[in-house]
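Work through the exercises below with the sequence and the model at hand. Each task is followed by a stepwise solution.

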Amino acid sequence: MPTVRTRLEPSPADPARGLVDRFGRRATDLRISLTDKCNLRCTYCMPAEGMQWLPQKDLLTAAEIQHLVRVGVEHLGVRELRLTGGEPLIRADLEQIIAGVRSDHAQLPISITTNAIGLADRAAGLSQAGLTRLNVSLDTLNPETFKQLARRDRLKDVLGGVEAAVVAGLTPVKLNAVLMRGVNDHEAPDLLTWALARGLSLRFIEQMPLDADHGWTRDGMVTAQEIRDALSTQFHLTPHPADRDGAPAELWDVRERTQDDPTPAESLPVLGTVGIIASVTEPFCGDCKRTRITAEGEVRSCLFSHQEFSLRDLLREPLGSGETGEQRDRAIADRWRAAMWIKPAAHGMDHVGLDSADFVQPERSMSAIGG
């Protein structure tokens, strides 16, 4: 099903409540994609070749991104910003973008999701610009497996970037891992051991049907239960006591599993936590707090939506006769609010079910949407 752009009706929601939808959810977590380009070609995201990139003129500029964040924070109750891609480090002006947002909002948490290629040279500068923390995609610790999954031989660069982020104080550094059946699914305990030893926060993500090749199958994906079972061969997992508060990842406290030790698992010291994002088998759509803007300035209320609504057009349209900048910002906020009001209940539909018969995968891939 192609992405469509529909005329929006004004949202009946109370403007004072921010980005509220018909189901009572309120979006406070803003994700903005900076580019659809990436320097890897991960099999679960992009094809090996043949991607058609957005023209440079269509991408949001640094000033436009700063402007949209300001509208989100001041008019719509945004409380957290994540910059995504594609690969955000491809943007040469990433430090400028972060510094601009930070100058407007001294206390706003700002993070990026990155593959960490090039991060070793930029981590300190990103920290100085005002970046709070980052998420790094790391699916394997094996160079050959990395090359198979990412179609690039760059594992050493990724690990160097992770190390530089820790040194720069961009903590907690979070790692995102997608397990692929028959490729890296056996590595779950090793990844967790490696992360815990370095004080890193690991999150496993169920593969979602957002690949550009549209090759996802329910039977082919590694489920959250399978991930927990694999980790439990070496660790005790118990539910983390803190409130999830709409976060995508369900957290588990991790304790060492020792042989022939009569000590109850709950009495052992906690080594850290591990998260599992189970969008397919254990969906959390009812608590979703995210609002997304694509690299060309389209509001996308859900990863799996088939509708987008342009804010870039309003940003770039000259002010009308007698129109003030504040009035234009209110118009942008109104369009954004209206786009979020019609957010689907789940997975682009009126019910959950990425493996249901009526699910239609979005035309855009994850790299084009922004994570």
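**Exercise 1.** Of the 371 residues of the chain, what percentage count as buried?

Solution. This is a predicted model, in which local features need pLDDT of at least 70 and side-chain atom pairs count only at pLDDT 80 or more, while totals for chains, interfaces and linings use all residues. Residues are numbered from 1 along each chain as its sequence is written, and side-chain values use heavy atoms, with hydrogens and water left out. Apply the cut-offs: buried is under 20% relative accessible area, exposed over 50%, and partly exposed in between (1.4 Å probe, protein chains only). By these cut-offs, 54% of the 371 residues are buried.

**Exercise 2.** Find how many salt bridges the chain has, and describe the pair K289 and D245.

Solution. Set the criterion: a side-chain nitrogen of Lys or Arg within 4 Å of a carboxyl oxygen of Asp or Glu. The count by this rule is 19. For K289 and D245, the closest N and O atoms are 2.7 Å apart. Next, locate the partners, which lie 44 residues apart: K289 is in the loop between β11 (270-277) and β12 (290-293), and D245 in the loop between β9 (235-239) and β10 (250-256); strands are DSSP runs of E, at least two residues, numbered from the N terminus. Finally, K289 is partly exposed, at 27% relative accessibility.

**Exercise 3.** Is E308, the salt-bridge partner of R300, buried or exposed?

Solution. Start with the distance: the closest N and O atoms of E308 and R300 are 2.5 Å apart. E308 has a relative accessible area of 0% and is buried. R300 is likewise buried, at 0%. Elsewhere, salt bridges with shared partners join K57, D58, R312 and D313 into one network.
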